[in-house]
Amino acid sequence: MGKGRAAGASGGFALVAAAGALLSPSAASAWQVSDPIHHNCHERISAAALDRVKYVQPPPVLSGDDAALRDGLQFDARGYDANIYAMSFIIGTRWPDSQGEPSFDFYKLSNVHNAPGDQGAHCLREETDIGAETGDTHALATCRAQITTLYWQALATLDPTTGAVDPDERTLQPEYLPFLGKTQIPVSGFYFFAGRAVHAVQDSFTHTYRRMDSADGGSDAGHAITSVFNWVSQVRGDLVEAVNGHGHEQILDDCEDDNPSNADRLGWATDATSELLAALTTPGAAADRQARLDAFFANWMTYEAGCSIENEYCNNPVQAWLRASGKSMNYDSGGCTLAGPMRAGLGALAIAAAGLAWVMSRRRRRRVVASLAFTIVGLGASAARADDEHRGWRAEARASLSVQNPAYAFGGAGAYAWRRFEVGGFAELNPWYDANREMMSLGSTNFGVLAHYLHSIRPDVRLRVGLGLGLSVLNQDLPGTSAGNVGIYANVRLLGIVWYFTDRTALTIDAFDLALPTPQLRGWPVMYAQHRISVGLSF
Ligand SMILES: [Zn+2]
C-alpha cells in the first residue's frame, strides 16, 4: 500500500510537498512509517505479525468513539483490522518515530529523531557508544533494555493467579490528530506498549548488520547481530566509522526497495515481531513470561563479536552491496556522499546566497529603492482627494488561502461605508486540509459581523484594517466533536488594500489576515488558526 500519489488539491500542499522533496532524507529513520512520502513498512510488519499470532482474546466490537478515532488518525488506518487492539498495536508501532507529533512535520521530527538518549528505541548507537565491539555491545544492551521495559509495560495488567492480561484496560497516550493537534487518545495499554516494543525489534533489521549466512549450515541466517549503526553522529556530521560505527543507511529503511537483502530482512523482521508478540499473548506467570523474553533475545538479539569496518563487517554482503551500488550514505563509491540533512542544508544555503546576490546587486537595488520612493511620494500627494468617493453600500466576493494549517475559504461580505469606516456582515465556507493524512475536511462554516477602518491614499486606492467576529460551525465529525458543533469565529485584518479599477468595482487584497475558527469551545478548544491571503472583488 504505497502512498506515492501527490494530492494537488491545494497550493499549500504543493509548498509542503516541495519542502518534503528537499528534506525527505532527514525524516526517515528505520523502516519507514506511513506519511505522504514514505511507505507503511513498520505498520505492515506489525499487521502481518498480528495476523499470524492472533489476538490475546477476541477484540470487542468497535465502539462509536473508537470508530471516530480510527477515521481521524494522521494515517489511513483502513488497511488494518477494525478494532481497538489492532489500532493500538499499529499506533504503538508507529509511535517511536513520531512521539505524538505530526509524522510529516520536519521541524518537530528532527527533535524526535535526533534526541540523544532515545536512540535505543530504534536500536541505534548513542554518541557515547564508542569503539567497534564496546560500542556495539553497549548499544545492543540499551536496545534490549528498551524492549524489556516496554514488554513489562505491556504486561502491566498481568494477573498473577490466572497468568492472563487485560487488553481492554486503556491508557491515554499523546498522538497528533489532523485538525486537532497533539491529543491524548485512549488506547489499549497492552497493545500500545507491545507495538512500541516491536518497533525496536523491527528497527534492528535496518539499523544493524546481521550474519546473512548460516554459521552452522542450519537456518540461523539473520539472527546474530554483528554491528549496530549510528544516526546521531551521522546527523552531526562527525561520524568516524571505526569509532562511531557504521552510519545509518536510508536505503535499508524502504521495504519496497529492491535491494538484495530487503526480502530477507523484511521476512526476519516479521518472524521476530511475531515471536515477541506471541511471547506477550501466551498466558503464563511472570517467571514464564521473562523466560520467553530471554529466549526471544537469545534467538534474535544476540551479538557476535569480531566484525568491524576493519574486516568489512566480516565481509557482510549488505556492506559489499552498499559499497558497490552507490546507494550508501557513507561511501564515495557513487551517488551521494552527503547525508540528506547536509544536502538539504546546502540547498537552503544556495537559495540564501542567490537572494543575497540579488540584494547586493547595487544597480538593481538603487532602481528598486528609487521606484519605491516614487510610489510612496506619489501615493501621499494624492491622498487627500478621495474623501467623498465610494460611500454607501457595497458587496464583496472573496477567496482565501492559508498555507500553514492549510485551508481555503470562499465567501462573501456586504458592508455600508462612510468616509473612514464601514460595517457589515460576512459568511464563508472554510474547508481544511491535513498534509500528514493528505485529507481534505469540510472544515467549518464561519459567519458574523465585520468593521473596517478605511484610509484613502489615492482617489482609487484605500487601505483597510479591521476585525470580524461571529460564529464557526464544524462541518465534519472529528474525534471528540461532532459536525454541527458551534463555537466562535474571529478574523483580524492587519492590512488590506482596495483598488477601484472602475468607478464601482474594486480589487481587494488582504495579505495579512489571521482567521481563527474555533468551532469547539468545551475542554481543549478546536481552533484551526490560519494566516490567510485573500483576494476579492467588490461591487
Ligand atoms: Zn525507529
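**Exercise 1.** Find which residues Phe75 is in contact with in this predicted model, leaving aside its neighbours within four places in sequence, and decide whether Phe75 is buried or exposed.

*Solution.*
- Step 1. Beyond those neighbours, Phe75 is in contact with Ser34, Arg94, Ser103 and Arg437.
- Step 2. Place the residue in the chain: Phe75 sits in the loop that runs between helix 3 (64–71) and helix 4 (84–98).
- Step 3. Count the surroundings. There are 22 other C-beta atoms within 10 Å of Phe75. A residue is buried at 20 or more, so Phe75 is buried.
- Step 4. Check one pair across the sequence: Phe75 and Asn40 are 35 residues apart along the chain, and their C-alpha atoms are separated by 9.4 Å.

**Exercise 2.** Determine which residues of helix 11 are buried and which are exposed on the other side.

*Solution.*
- Step 1. Helix 11 covers residues 286–300, 15 residues in number. From first C-alpha to last, helix 11 reaches 21 Å, close to the expected 21 Å.
- Step 2. The buried residues in helix 11 are Arg289, Leu293, Phe296 and Trp300.
- Step 3. These residues lie on the same side of helix 11 because they cover an arc of only 55° around the axis.
- Step 4. Ala287, Asp294, Ala295 and Ala298 are exposed on the other side of helix 11.
- Step 5. Helix 6 (132–154) and helix 10 (262–281) are included in what covers the buried residues of helix 11.

**Exercise 3.** Locate the largest nonpolar core and say why it lies between two domains.

*Solution.*
- Step 1. The largest nonpolar core has 76 residues, and Ala154, Ala194, Ala197 and Leu276 touch the most other members.
- Step 2. Helix 7 (residues 189–203) supplies the largest share of this core, 9 residues.
- Step 3. Residues come from both domain 1 (40–336) and domain 2 (383–538), so the core lies between them.
- Step 4. A further core of 5 residues lies apart from this one, with Cys307, Tyr313, Val318 and Leu322 among its members.
- Step 5. Look at one member of the largest core: leaving aside neighbours within four places in sequence, Leu276 is in contact with Ala197, Val198, Val201 and Phe296.

**Exercise 4.** Identify where pLDDT stays under 50, and set this against the chain average.

*Solution.*
- Step 1. The chain averages a pLDDT of 85, and 83% of the residues score at least 70.
- Step 2. Residues 333–343 stay under 50, although the model has 22 contacts beyond four places in sequence for them.
- Step 3. Residues 376–387 are also below 50, with 13 contacts beyond near neighbours in sequence.
- Step 4. Where pLDDT is low, predicted coordinates should not be read in detail.

Technical notes
Residues numbered from 1 in each chain as written. Predicted model: local features only at pLDDT ≥ 70, side-chain atom pairs only at ≥ 80, totals over all residues. Core = buried A, V, L, I, M, F, W, Y, C linked by C-beta atoms within 7 Å. Buried ≥ 20, exposed ≤ 12 C-beta atoms within 10 Å, placed from the backbone. Helix = DSSP H or I, 4+ residues; strand = E, 2+ residues; numbered from the N terminus. Domains from an automatic or database assignment. Contact = placed C-beta atoms within 7 Å. pLDDT = per-residue confidence, 0-100. Expected span 1.5 Å × (residues − 1). Arc of directions from axis to C-beta.
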